[in-house]
Each structure stands twice: as structure tokens, then as C-alpha cells.
Amino acid sequence: HLDAASKRGSLLKKLFSRLGRSRALKLAKNRKLWSVISEIRGGDNLSIAFTQGLFSKIALLDGFFQDEVIFEKLSSEQCQLRIELLENAREWIDANVISRGLNPYFLHLRRGDYVRWPSGDHPAVLPLQWYEQQMTEIALADKRAHFIVCTDDRPYAEELLGSNPLVSIFRGSEIDDFFLMTQCSGGGILSASSFSWWAAWY
């Protein structure tokens, strides 16, 4: 079952990658092929809307969802993280960072679709210099800081950060990245991404 689910997930990821975020959302809203979870803002008010699509188990997010108010609208059960994934993340950090007497900080380096979104001329991807500046500031404040890089572009991270003694490049799935970031007790350096925003919140 896991292999079949993994294959389906991989095919969907390729499909959405080819369509692009805006076209996939447009199809979802106009044709109702898949569900949409939308962030609706009116002044200081925030609400969440769910529109069911033909393929109800597939839902696209429409919005940035970077607001703690969202948690007020969810039950504690909906906000719980899976214990076994948390334990895996803690074990990795203990073995690779804490056992060396270092303090774990995450560095979320998102590239992927951000290299071209919202446009090739003005991408959402942050420059490497920005991450390096943040690492320098943290390392000055915490002499035992060690940065765990979670990224969707490992070759890029390895080429530019792999030789830095303050850095470890984590090699896990996206869900492993998320859980690992939640367990970095020092905090983290975020990309312009809801993914790392929520990991930092947790």
C-alpha cells in the first residue's frame, strides 16, 4: 500500500509541477477537479474555506497560511504531529549534533518552483548571501551553533555549503525535513515559505 501511495504521490507531484501553482489552482476552482483550502482575509479577520473537488483527497492550498490565528480555528487533534516522525527527528539531531556538544539550528533553503515563481525576473528564492549573513549573526551569538540544511535542491546546497564546518546537509524526504526543523531547539533560518514558517512555529 505504501508503494502504491508513494507512486501516486510522485505522479501528482509531477503533474502539479508541470501545471504550475496558478494553473493548478485555476483548474481546481473552475473545473472542481480537486479540492481547495483557501485563506480568506478581510481586514484583521482570517477564515479558512474548504471547497470539495471531484478528487476529494487531493487538496491545493490557496494562500500563505502564515498566521497563528489559524490554530485557534483547529482542534488540538488536528494540530498534533506524528510521534514516530518526531522521535526519528530527535534521534537524528541527538546523534549528529547534540552528541558533538553543538546546538541545532535549521536552515531551510527552498529553491524548486521558487526559482521561477512568481516570475523568472523576480523569484521568491532568497540569495545565498542572505542565508550566510543569518548564519554569521547566529554563530556570533552562539559559539556552539550548528546549522542543519533542509532543502529541495541538495546538489546546490552541497556545492555551496557542503564544505562549511558549521553545516550538515540533511538527506530526508520533505516530511522528514519538516519534522526535523520542528526539533531544532536553537530555532532556524527560514526561506520565504509557509513550510518553514510552520516548522518554526511548532
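These legends describe close-up views of a predicted model.

**View 1. The whole chain, with its eight helices and seven strands.** The C-alpha atoms fill a box of roughly 55 × 45 × 40 Å along the principal axes. A compact globule of 202 residues would have a radius of gyration near 17 Å; the chain has 18 Å, which agrees. Buried residues make up 35% of the chain. Of the contacts between residues at least 6 apart in sequence, 59% link residues at least 24 apart. The exposed surface is about 12,700 Å², and carbon and sulfur atoms supply 53% of it.

**View 2. The largest nonpolar core, built from 22 residues.** Ile 93, Ile 148, Phe 179, Leu 180, Cys 184 and Trp 198 touch the most other members. Two or more residues come from each of α3 (69-72), α4 (83-96), β5 (145-151), α7 (174-182) and α8 (194-201). Another core lies apart from this one. That second core has 15 residues, including Leu 109, Ala 145, Phe 147 and Ala 157.

**View 3. Leu 180 and residues it touches.** Leaving aside residues up to four places away in sequence, Leu 180 touches Ala 89, Trp 92, Ile 93, Ile 148, Cys 150 and Phe 170.

**View 4. Helix α8 and its buried residues.** Ser 196, Trp 198 and Ala 199 are buried in α8. Seen down the helix axis, the buried residues of α8 fall within an arc of 160°, so they line one face. Their cover includes α3, β4 (103-109) and α7.

**View 5. The start of α8.** Here a side-chain oxygen of Ser 193 comes to within 3.1 Å of the backbone nitrogen of Phe 195.

Definitions and conventions
Residues are numbered from 1 along each chain as its sequence is written. This is a predicted model: local features need pLDDT of at least 70, side-chain atom pairs count only at pLDDT 80 or more; totals for chains, interfaces and linings use all residues. Side-chain values use heavy atoms; hydrogens and water are left out. A nonpolar core is a set of buried Ala, Val, Leu, Ile, Met, Phe, Trp, Tyr and Cys residues joined through side-chain atoms within 4.5 Å. Buried means under 20% relative accessible area, exposed over 50%, partly exposed in between (1.4 Å probe, protein chains only). Helices (H or I, at least four residues) and strands (E, at least two) are DSSP runs, numbered from the N terminus. Contact means heavy atoms within 4.5 Å. The arc is that of the directions from the helix axis to the C-beta atoms. A polar contact is a pair of N or O atoms within 3.5 Å; within protein, one must be able to donate a hydrogen and the other to accept it, and residues adjacent in sequence count only if both atoms are side-chain atoms. The radius of gyration is taken over C-alpha atoms; the globule rule is 2.2 Å times the number of residues to the power 0.38. Accessible areas come from the Shrake-Rupley method with a 1.4 Å probe; for residues, only the protein chains shown count as cover.
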